[in-house]
Each structure stands twice: as C-alpha cells, then as structure tokens.
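Work through these exercises with the model open beside you. Try each task before reading its solution.

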Amino acid sequence: MAERGLTLMAVHAHPDDEATSTGGVLARYAAEGITTVLVTCTDGRCGDGPGGVKPGEPGHDPAAVVAMRQEELEASCAALKVSHLETLGYADSGMMGWPNNDMPGAFWTTPVVEAADRLAELIRRYRPDVVVTYDENGFYGHPDHIQAHRITMAAVAMTDIPAKVYWTTIPHTAFAEFGRVMKELGVEWAEPDAGDAPGPQLGLPDDEITTWVDTSSYGVQKFDALAAHASQTENIFFLRMGRDRFVELMGRETFVRVRDTTGAALPEDDLFAGLR
Ligand SMILES: [Zn+2]
C-alpha cells in the first residue's frame, strides 16, 4: 500500500476567502507535494453582482452572483493548485443584521451540528493532518466566518483526526505596515482602532502569534487567485496595489495554533512542523 501523504484542509466562508487569508499556504504546500483541500461553506450570493451591483440594489440577481462566484472560485483554485474543492452550498448570510441572516438555507441559522456533520464526513474522507479556519470572531465578525469557525471546531471534536488546528490571524505590527503602504499609494485607509471599537479586536499582538509561514515565493499565485475574484470590490482594493507591491507586502501568512498532538516547539514557521 502506498504511504499516505500529508494533507492540509482550509475551511472558509465565501468564495475569495481562500485567496485573501490562506492563498500563500495553499500554494506553498501544494508546491511541496502536500494534498490541499478547500472547503467553502457558502455560495457568496450576498457579494457584488456582475457590473459591481450591490446586494439590495436593483438588478442584483443572487443566482447570477452564485454562478459567477463559483466560476471565480474554480479559477482561484486553479491558480493555487488546490487538489480538491468541496462546497457545502449554504446561502451566504450577509453582514450581521442583514435580513439574509435568517433566510431559509442561510449558513448563519443552520444548526452547528448539522453543518459540522457534513464537514466531519469530509474530514473522515480526506483525513487532513492540518486544518485551518478562523478564530471565534471569524476574524472580523462576519456571521458566516463565525459559523465556519464553529462548525470546524465541532467537526474536529467529532472526528479527532487532525494533528494540528490553526486559526488565521494578522500581527498588529502588520496593520501599521499596511497602513503606511496604503497612505503611500494615496488610498484612504482607516487603521482599525484597538481602543474604543465595540466589535472584536482585529488580529493579535505579535508575541501571541505562534506560526509565521514564509509564502513570499507564492505571492504571484496568491495575487492571481485574488485577481480571479475581481468582481468583489474589496479585492479590487488589494489588486490596485499592483502585483509587485502585493507580493512584497503579503509574503507571509500568520496563524495561531489551537490544537497540536505533535509537540512541535513554538514559535514555528511551518504548519506541518512535527509532521515531517
Ligand atoms: Zn468571507
């Protein structure tokens, strides 16, 4: 019997999240011969429509948005050389407080155990050594990101399969660096205020980040994956940096390790430290 290789599974909320927060690691580990599995939980129907039409505006046709974003997702996976794309097909819940939160089939109102059961089935099939998802705030408070976190942690507990589990995060110093570049480029950029904002604080102090992965050699692939999702305004924002600047600024992805059975020492520079 052939020896089973290593497998990375990333669980994301919408088409395009795989590129923004894990495009570098997906590309890097695929290049290293690791099987990569992307699970995208929702259909992204609350995104911008063809021609930039916003949800709720006349002419925003959810079915057309879903079809367009599925194509974009497949192009992004091709750029990142993702081995297996799995979509759970839940309806995008929109931002917190939108009526879509409670619409039939919305991811946000799907019972955690129901969606976690489906994810657990995928975890049993692919047997990932490493699973990556968001923190309990979904990084920035989007209901679908919070739900992706919840079902992932529930599915990990049900299966007990992955040796390591990570949440994506950004070091506080990177926000400052990012803000400087944005100002240089003349882009209006409000640095997230750690002090008085009532929402979750974004990212982590640098010394709380456990895992720093160099993805600088894969910045072009990450840029191309993001470019595949150019229908979404927030991605155009990144693309305006231009490829060279983007690669320079986005050459590292950072994580916090929340489960580990390998005993790999921290901080580490490899999601698979202790496994190879
Ligand atoms: Zn998202």
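**Exercise 1. Place D129 in this predicted model, and state whether D129 is buried or exposed.**

Solution.
- Start with the location. D129 sits in the loop between α3 (112-126) and β4.
- Next, take the accessibility. D129 has 10% relative accessibility. The cut-off for buried is under 20%, so D129 counts as buried.
- Then list the partners, skipping residues up to four places away in sequence. D129 touches R4, G5, L6 and T7, then P162, A163 and K164, and also F272 and L275.

**Exercise 2. Find out which backbone angle is unusual in R127 and in D16.**

Solution.
- Recall the background. Most residues other than glycine have a negative phi.
- Check R127. Its phi is near 50 degrees, a positive value in a residue other than glycine. R127 lies in the loop between α3 and β4. At 41% relative accessibility, R127 counts as partly exposed.
- Check D16. Its phi is positive as well, about 110 degrees, and D16 is not a glycine. D16 belongs to the loop between β1 (7-12) and α1. With a relative accessible area of 4%, D16 is buried.

**Exercise 3. Name the protein donors of the zinc ion, and explain why their arrangement is irregular.**

Solution.
- Identify the donors. H14 gives ND1, D17 gives OD twice, and H145 gives NE2. They lie 2.1 to 2.5 Å from the zinc ion.
- Look at the angles. The four donor atoms subtend 55 to 140 degrees around the zinc ion.
- Apply the test. Tetrahedral requires all angles between 85 and 135 degrees. The range of 55 to 140 degrees makes the arrangement irregular.
- Recall the ideal. Four tetrahedral donors would have angles of 109.5 degrees.
- Read the spacing. The donor residues follow the pattern H-x2-D-x127-H in sequence.
- Put the donors on the fold. D17 is in helix α1 (residues 17-31) and H145 is in helix α4 (residues 143-159), so the pair ties together parts that are 128 residues apart in sequence.
- Finish with accessibility. D17 is buried at 9% relative accessibility. H145 is buried too, at 4%.

**Exercise 4. Work out which side chains meet R28, R257 and R276 in salt bridges.**

Solution.
- Recall the principle. Side chains of opposite charge can pair when their charged atoms come close.
- Take R28. Its side chain meets that of E32 in a salt bridge of 2.9 Å, N to O. R28 is buried at 14% relative accessibility, whereas E32 is partly exposed at 34%.
- Take R257. Its side chain forms a salt bridge with E268, at 2.9 Å, N to O. This pair links distant parts of the chain: R257 is in strand β7, E268 is in the segment after β7, and they are 11 residues apart. Both R257 and E268 are buried.
- Take R276. Its side chain meets D270 at 3.1 Å, N to O. D270 is buried, with a relative accessible area of 11%. R276 is exposed, with 52%.
- Connect the pairs. R28, E32, D270 and R276 are joined into one network by salt bridges that share partners.
- Close with the total. The count comes to 15 salt bridges.

**Exercise 5. Describe D269 and the cis peptide bond in the segment after β7.**

Solution.
- Find the cis bond. It joins L266 and P267, with omega about -5 degrees. P267 lies in the segment after β7.
- Recall the background. Most peptide bonds are trans.
- Move to D269. This residue also lies in the segment after β7. At 55% relative accessibility, D269 counts as exposed.
- List its contacts, leaving aside neighbours within four places in sequence. D269 is in contact with R28, W212 and V213.

**Exercise 6. Determine which elements the buried residues of α6 pack against.**

Solution.
- List the buried residues. In helix α6 (residues 219-227) they are G219, Q221, K222, F223, A225 and L226.
- Trace their partners. These residues pack against α1, α2 (62-80), α7 (233-239), α8 (243-249) and β7 (252-260).

**Exercise 7. Identify which residues make the nonpolar surface patch of about 280 Å².**

Solution.
- Name the members. The patch is made by M95, W98 and Y140.
- Locate one of them. Y140 is in the loop between β4 (130-133) and α4.
- Check its accessibility. Y140 is partly exposed, with a relative accessible area of 39%.

Conventions
Residues are numbered from 1 along each chain as its sequence is written. This is a predicted model: local features need pLDDT of at least 70, side-chain atom pairs count only at pLDDT 80 or more; totals for chains, interfaces and linings use all residues. Side-chain values use heavy atoms; hydrogens and water are left out. Donors are N, O and S atoms within 2.8 Å of the metal (3.2 Å for Na, K and Ca); water is not among the atoms, so sites may look incomplete. Four donors count as tetrahedral if all angles lie between 85 and 135 degrees; four count as square planar and six as octahedral if opposite donors are over 155 degrees apart and all others between 65 and 115; anything else is irregular. Helices (H or I, at least four residues) and strands (E, at least two) are DSSP runs, numbered from the N terminus. Buried means under 20% relative accessible area, exposed over 50%, partly exposed in between (1.4 Å probe, protein chains only). Contact means heavy atoms within 4.5 Å. Patches are made of residues with over 30% relative accessible area and no salt bridge: like charges are joined within 9 Å, nonpolar side chains (Val, Leu, Ile, Met, Phe, Trp, Tyr) within 5 Å. Accessible areas come from the Shrake-Rupley method with a 1.4 Å probe; for residues, only the protein chains shown count as cover. A salt bridge is a side-chain nitrogen of Lys or Arg within 4 Å of a carboxyl oxygen of Asp or Glu.
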